[in-house]
Amino acid sequence: MKRNNYVVANWKMNGLTSFVKIFNAINKHLVSKKLNNPNVIVCPPYTLINTLVSSKKSKVMIGAQDTHELDSGAYTGCVSSEMINDLGAKYVIIGHSERRQLFGEDVELLSKKILSAHKHGLKVIFCIGELESEIKNRKSILMKQLKSLPKKLDHKKLIIAYEPVWAIGTGLTPTLLEIDSIHASIRDILKFNQSFAKNVSILYGGSVNAENANNILSLENVDGALVGGASLKPRDFSKIIDYFS
Ligand code: PGA
């Protein structure tokens, strides 16, 4: 079964106007190698979306890192899915562990955010993953987090990213065997919708780098990577992309 492959860059709160050159280097790599697989998505801070979307001859798709659950109103500092879509971005990350932990985002709120993204035509990269202290209860934690998903599941609108919280930015990762079996068990949890479970792309995230990506991305149940730190180094990020080509 051939699912869509994705390599997603999560720039987090990094992205001065000078970072456009990182984007250009990634794009140049895709253009020069005529790469059509994987799909490459860069998620910069909101402030760079417009610039990156306007970049000519780009093969890179653009996403936001979060959205508000409502369309508009008196919510100082917030950005809605309608606004993200208006800028021309096609994707949005929802449920990143930093949002869950630092901003207290819970299952109910994230479910509203997904609905709002879909309402405004954005494809969702939905992050799930356990804390180190939750490793023993991983399956039930993931099941609970997956409850944010809408009833109508469509693999063309939703990508899942499994990111163990203890692996993010730490240089640690689960073993290859563990990653593969956790991804299989996520598919198993979603089996109530057979076609979605079969077709949905499940990405791995958490300390993916140019050295470990080859092994991780060749796992049967891994359909791509969500990359933080290494996505700001164009050479490393390009290497990660190349493992799919
Ligand atoms: P990392 O971050 O690649 O730096 O571990 C991944 C993420 O937070 O999405």
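Biologist: Which residues are the closest to the ligand, and how many surround it?

Modeller: Happy to start there. In this predicted model, 13 residues surround the ligand, and the closest are Lys-12, His-96, Glu-163, Gly-169 and Ser-207. By class, that shell holds 4 nonpolar, 7 polar and 2 charged residues.

Biologist: What makes the approach of Lys-12 to the ligand a polar contact?

Modeller: An N or O atom in the side chain of Lys-12 is 2.6 Å from an oxygen atom of the ligand. The limit for such a pair is 3.5 Å, so this one counts as a polar contact. Two backbones meet the limit as well: a polar backbone atom of Ser-207 is 2.8 Å from a ligand oxygen, and a backbone N or O atom of Gly-229 lies 2.9 Å from one. As for cover, the ligand taken alone exposes 280 Å², and the protein buries 94% of that.

Biologist: Let's turn to the rings. How many aromatic pairs are there, and why is the pair of Trp-11 and Phe-19 called edge-to-face?

Modeller: The count comes to 3 aromatic pairs. For Trp-11 and Phe-19, the centres are 6.1 Å apart and the planes stand at 65°. Pairing needs centres within 6.5 Å, and an angle over 60 degrees counts as edge-to-face, so both conditions are met.

Biologist: How do you know whether Trp-11 and Phe-19 are buried or exposed?

Modeller: Buried means under 20% relative accessible area. Trp-11 has 0%, so Trp-11 is buried. Phe-19 has 18%, which is still under the cut-off, so Phe-19 is buried too.

Biologist: And what is the geometry of the pair formed by Tyr-162 and Tyr-204?

Modeller: Those two are 6.3 Å apart, centre to centre, with 55° between the planes. That angle is neither under 30 nor over 60 degrees, so the pair is tilted. Tyr-162 lies in strand S6 and Tyr-204 in strand S7, so the pair ties together parts that are 42 residues apart in sequence. Tyr-162 counts as buried at 0% relative accessibility, and Tyr-204 counts as buried at 0% as well.

Biologist: Where does the charged end of Arg-99 sit?

Modeller: The charged end of Arg-99 sits over the ring of Phe-103, 3.8 Å from its centre. The distance limit is 6 Å, so that part of the rule is satisfied.

Biologist: One last residue: why is Asn-214 called partly exposed?

Modeller: Its relative accessibility is 38%. Partly exposed covers values between 20% and 50%, so Asn-214 belongs there. You will find Asn-214 in helix H9, residues 213-217.

How values were computed: Residues numbered from 1 in each chain as written. Predicted model: local features only at pLDDT ≥ 70, side-chain atom pairs only at ≥ 80, totals over all residues. Heavy atoms only, no water. Phe/Tyr/Trp six-rings, centres within 6.5 Å; stacked < 30°, edge-to-face > 60°. Buried < 20%, exposed > 50% of the residue type's maximum accessible area, 1.4 Å probe, protein only. Helix = DSSP H or I, 4+ residues; strand = E, 2+ residues; numbered from the N terminus. Lys NZ or Arg CZ within 6 Å of the ring centre and 35° of its normal. Near = heavy atom within 4 Å. Polar contact = N/O pair within 3.5 Å; in protein donor to acceptor, adjacent residues only side chain to side chain. Areas by Shrake-Rupley, 256 points an atom, 1.4 Å probe, with all protein chains shown as cover. Nonpolar A, V, L, I, M, F, W, Y, C, P; charged D, E, K, R; others polar.
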